[in-house]
Amino acid sequence: MAKIWVDDKWYEVGADQSLLEACLELGFDLPYFCWHPALGSVGACRQCAVKQYRDEKDTRGRLVMSCMTPASEGARISIKDADAASFRAGVVEGLMQNHPHDCPVCDEGGECHLQDMTVMTGHNYRQTTYPKRTFRNQNLGPLINHEMNRCIQCYRCVRYYREYAGGRDLDAFASRNQVFFGRHQEGTLQNEFAGNLVEICPTGVFTDKTLKKHYTRKWDLQMAPSVCVHCGLGCNTTAAERYGSLRRILNRYNGHVNGYFLCDRGRFGYEFVRGEQRIKQTLARQDGKLKPLPKAKAIEQLGRVLPGNQKVIGIGSPRASLEANFALRTLVGPERFFSGMSDQGSHLVSLMEEILRQGPARTPSLSEIEISDAVLVLGEDVTNVAPRIALALRQSVRQQPMEFTDKLKIPRWLDHAVREAIQDVKGPLFIAAPSATRLDDAATATYRAAPDDLARLGFAIAHALDPQAPDVPDLAAGARSLAEQIAAALKSAKRPLVISGPSSSSAAVIEAAANVARGLAKAGQAVGLAFTMPEANSLGANLMGGGDLSAAFKAVEEGRADTVIILENDLYLKAPAAAVDRFLDAARHVIAIDYLSTPTVAKSELALPAGAFAESDGTLVSSEGRAQRFFQAYIPKDDIQQSWRWLIEMMRAAGRSEAESWSTLDDVIAALAQGISALAKITEAAPSAKFRKLGEKIARAPNRYSGRTSMLANINVSEPKPPDDPDSALAFSMEGYQEHPPPSLTPFFWAPGWNSIQSLNKFQSEIKGPLRGGDPGVRLIEPPETANGSFFSSVPKPFAARPEEWLLVPLYHIFGSEELSRQAPAVAELAPKPYLAVNSEDAAHLQVQAGDQIEVNLAGTAHRLPVAIHPDLPKGIAGFPAGVVSLEGTGLLAWSKLSRL
Amino acid sequence: MLSPEERHEIEAEIAHYPDKRAVCIDAMKVVQKHRGWVSDEALGDVAEFLGMSVDELDSVATFYNLIFRKPVGRHVIMVCDSVSCWLMGYDRVRDHLTSRLGIQLGETTPDGRFTLLPIVCLGTCDHAPAMMVDNELHRDLDAEKIDSILEQYK
């Protein structure tokens with residue numbers, strides 16, 4: 001702690017802070033541009049000037065940049081000082097000389113940091129009469145809009161993009177008055193985290209291009225805290241609505257999870273909610289086709305099928321909320337409930353959960369991943385599977401080098417000095433995966449091999465750490481020495497981390513990762529073990545229990561069941577098409593609840609339109625084991641309602657007693673917490689619907705929300721009453737509590753004078769730290785104090801390429817591999833075309849070249865695909881884009897002949 | 001494609017530094033020496049050779065006014081517009097050059113003989129006004145002198 005004087009009053013501030021951070025943390029309104037809490041200080045914009053005094057006798061003082069000056073013990077500064085204030089106003093005036101003042105047509109207007117800072121400094125009238133410099137803008141792809149004339153040269157964009165996110169195709173060009181931020185040539189920004197430029201840019205140079213198609217000002221949006229559904233990490237988001245449709249996704253800060261940043265899939269995948277694939281009406285099969293049916297009739301139909309029916313089974317979903325899954329489980333009974341994961345997926349997720357539960361390694365949060373100082377990634381391409389981890393790992397490789405800059409006494413927030421001292425030195429990061437990954441440029445060493453060989457490397461590392469772990473006797477010399485190098489790096493680290501997951505469809509890979517973690521833990525190290533999860537609620541679905549898909553199929557096959565309720569799940573992605581067809585054809589009644597018109601929905605007899613994430617309330621369990629609540633941003637139109645509500649109606653139709661006592665989300669949560677002890681703590685994920693602040697519900701819309709009295713005037717001139725929300729403490733209105741709701745109920749960040757996302761500073765208990773009141777979410781899995789269990793011992797045999805067959809391995813793509821986001825047009829545009837990849841040697845053997853058609857035969861089905869050459873793929877392996885080409889089915893790796901066409 | 005000669009000269013520069021990206025300016029000067037300017041294609045080749053992205057290299061290229069990213073004439077005239085030359089008659093020099101050559105600053109004559117560019121300070125303030133043609137400095141300029149200088153460059 002340090003004691004500093006600000007305008008003749010003293011304050012206690014944290015040690016190792018700049019004056020700017022200290023002042024913002026104390027709640028002062030001190031303007032800034034180039035500083036960003038995640039990027040540190042560079043002193044480029046001169047906006048945060050304050051007067052600093054030598055001691056109490058110094059009356060003259062001198063101007064300093066508060067972002068570049070440490071808040072050292074006894075520092076005396078003045079923010080109000082007239083010189084400092086006029087200097088700051090002058091800086092804005094200078095920056096505004098070339099700014100087009102086009103706020104009315106600018107997408108940033110109303111949430112623009114430049115607007116806020118201009119007002120804050122008191123610069124009101126433009127005095128220059130010179131012509132403004134203008135630029136030609138670039139098309140930066142389907143996600144980001146570029147409008148360079150608005151630029152104020154703060155350099156945040158290139159600092160974030162290049163230094164923080166590792167991108168190399170955005171840069172600053174030219175000099176002086178002509179400085180231009182963009183690409184060397186027009187084209188799509190290649191970095192997977194480019195979308196954060198929208199929030200990094202303090203004005204409207206980089207804006208959300210998808211929002212542009214259905215633009216709404218921030219003040220006119222109705223918002224709710226949400227959780228991303230496009231991978232298992234559970235990044236916190238803000239979902240925003242106007243006129244009954246989802247308009248955009250913004251990052252919602254969670255100090256333990258996503259911090260300030262999202263990946264582009266998470267930010268731009270939301271458009272599936274608005275898409276053509278949505279089911280909006282209740283559909284029933286009539287004359288062999290699904291046709292709209294009034295909702296009441298559908299309930300009647302359920303009333304004919306469900307009561308007394310002893311042959312109903314329910315298939316849950318790893319992408320549906322705990323509440324929806326639990327409602328289905330209650331409707332059909334636990335023994336007739338199936339988790340909805342593929343057989344292999346269910347097996348691997350159970351294995352991972354077991355490992356995390358047993359310890360000794362603890363699963364770290366994303367913010368803990370960021371400060372790991374030696375990392376092994378085993379069998380995952382994190383950028384494409386759990387993207388936000390990749391951004392965290394780019395910061396983790398700076399941890400060891402920053403220990404060196406600590407010794408030089410360079411404060412960590414002094415960003416440019418730290419980077420100059422570090423240069424290109426990176427801490428240990430080892431990536432073992434079947435193919436090249438997008439993070440390889442940050443890696444100390446990479447290892448590319450078939451899944452079994454990846455596992456063997458992992459087992460060998462564990463053995464090098466602890467001789468009690470099983471050895472891999474016949475390991476090749478190169479892999480052996482790499483294993484020893486990795487073991488040594490992990491062993492000498494303070495916060496080592498192992499990352500693995502199910503992407504290689506290999507239990508051995510997961511077990512090997514667990515062995516490495518156990519080896520480190522046994523040596524007394526505070527090791528983290530992070531697993532990626534296939535879907536947004538995979539871990540939650542697993543904690544809920546329920547058999548795998550084969551068991552469900554068997555129940556119908558053996559005649560124990562004939563009525564199937566499928567919740568938010570496309571079975572064709574989980575099992576081979578033939579098996580799913582057999583199952584759905586054999587069942588007498590198939591009832592699907594979903595928001596998208598999937599092939600599974602197409603086979604159903606009754607399809608009930610469900611609310612997507614922004615239209616529903618519920619809880620998801622992230623891969624960290626963190627239960628997080630998401631809330632409706634709006635009530636969906638037409639027949640759409642939340643899945644668990646459909647299920648309550650089904651219970652009522654079936655004459656179940658629970659239907660009487662369940663009417664709100666809290667009722668379902670209470671029953672769930674009571675019924676499943678592993679999930680008991682989810683009640684703590686967010687306050688209940690009874691929560692009030694100053695006697696009020698929390699407003700979903702900002703104070704300035706406009707047009708409410710007239711927005712439905714085309715239908716009825718009388719303004720309807722805003723809808724009630726019995727399920728949460730949030731109100732569908734701007735009326736209600738606005739200031740500092742509990743973090744898990746914060747629908748948007750706004751503070752007087754701070755309309756942009758920078759208002760976040762006012763919501764944190766310390767800058768870059770937790771939100772006031774604690775970061776949202778509750779961890780469900782903690783390892784026991786004393787470790788038990790032992791090393792896994794089944795080391796696989798080395799991978800042997802077969803003479804005329806190839807092992808088909810899914811290769812993941814951030815855009816295209818995930819089921820929901822690939823329905824979003826902007827994401828679909830960036831998804832790869834189908835391909836089958838082999839290495840050059842195998843291509844020569846097959847006598848094919850890139851682009852030639854090749855045939856894959858799998859379970860009696862022939863697939864034709866164009867060949868792609870991936871020089872880095874191991875011999876004997878063929879890669880295909882997961883999700884883009886469906887060869888998975890079983891989730892198990894399959895061998896196939898490949899024939900040239 | 002970089003010519004063998006260009007490669008050779010760039011490699012000679014690389015030998016002086018621990019990191020080959022450090023020679024990016026010299027590498028572009030090598031290319032410019034041989035070709036007069038640095039095209040997008042040449043920029044891509046140099047970037048690849050030095051392990052940089054084209055964007056990174058272009059960021060450096062566009063910062064420097066003496067790396068030409070557009071074609072220039074056979075001879076480049078750089079006329080000083082700094083304070084001493086300005087006091088001593090830069091305006092007259094510029095006007096004479098533009099009327100004589102029939103081009104404005106930043107342009108190239110239609111026959112490709114001259115490109116006319118402004119520059120800040122040639123370090124010869126005691127002999128202002130001054131200009132540089134290619135690598136030769138010309139001082140104490142007046143209209144007559146300029147005419148005879150231009151005659152030297154075909």
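**Chat: how chain B meets chain A**

User: Across the interface of chain B and chain A, how many residue pairs are in polar contact?

Analyst: Eleven residue pairs make polar contacts across the interface of chain B and chain A, counting pairs with both residues at pLDDT 80 or more. Keep in mind that this is a predicted model.

User: OK, and which helices of chain B supply at least two residues each to the side that touches chain A?

Analyst: That would be helix H3 (40-50) and helix H4 (54-63) of chain B. H4(B) gives the most to that side, with seven residues.

User: How many residues does the contact take from each chain?

Analyst: Chain B puts in 15 residues and chain A puts in 13 residues. The area buried between the two chains is about 1000 Å², and carbon and sulfur atoms give 40% of that.

User: Which residues in chain B lose the most area to chain A?

Analyst: Asp55(B), Glu56(B) and Ser59(B). Together they account for 45% of what the chain B side buries.

User: Any charges pairing up there? How many salt bridges does the rule find across the interface?

Analyst: Three between chain B and chain A. In one salt bridge, the side chain of Glu56(B) meets that of Arg162(A), at 3.1 Å from N to O.

User: Switching topic: what are the domains of chain B?

Analyst: The assignment gives chain B domain 1 (4-63) and domain 2 (75-151). Their centres, taken over C-alpha atoms, are 29 Å apart.

User: And how is chain A divided?

Analyst: Chain A has domain 1 (2-96), domain 2 (356-533) and domain 3 (805-900). Between the C-alpha centres of domain 1 and domain 3 of chain A there are 56 Å.

User: Now the inside. Which residues have the most contacts inside the largest nonpolar core?

Analyst: Tyr160(A), Leu393(A) and Ile565(A), in a core of 200 residues. Helix H18 (residues 507-522) of chain A gives the most to this core, with eleven residues.

User: Why does that core lie between domain 2 and domain 3 of chain A?

Analyst: Because domain 2 (356-533) and domain 3 (805-900) of chain A both give residues to this core.

User: What does Ile565(A) touch?

Analyst: Leaving out residues up to four places away in sequence, Ile565(A) has contacts that include Leu306(A), Val312(A), Ile313(A), Gly314(A), Ile591(A), Leu647(A) and Met650(A).

User: What about a second core: which residues does that include?

Analyst: The second core is separate and has 38 residues, among them Ala22(A), Trp35(A), Val91(A) and Met117(A).

Definitions and conventions: Residues numbered from 1 in each chain as written. Chains lettered and ligands numbered in written order. Predicted model: local features only at pLDDT ≥ 70, side-chain atom pairs only at ≥ 80, totals over all residues. Heavy atoms only, no water. Core = buried A, V, L, I, M, F, W, Y, C linked by side-chain atoms within 4.5 Å. Buried < 20%, exposed > 50% of the residue type's maximum accessible area, 1.4 Å probe, protein only. Helix = DSSP H or I, 4+ residues; strand = E, 2+ residues; numbered from the N terminus. Domains from an automatic or database assignment. Contact = heavy atoms within 4.5 Å. Buried area = accessible area lost by both parts, 1.4 Å probe. Salt bridge = Lys/Arg side-chain N within 4 Å of Asp/Glu carboxyl O. Polar contact = N/O pair within 3.5 Å; in protein donor to acceptor, adjacent residues only side chain to side chain.
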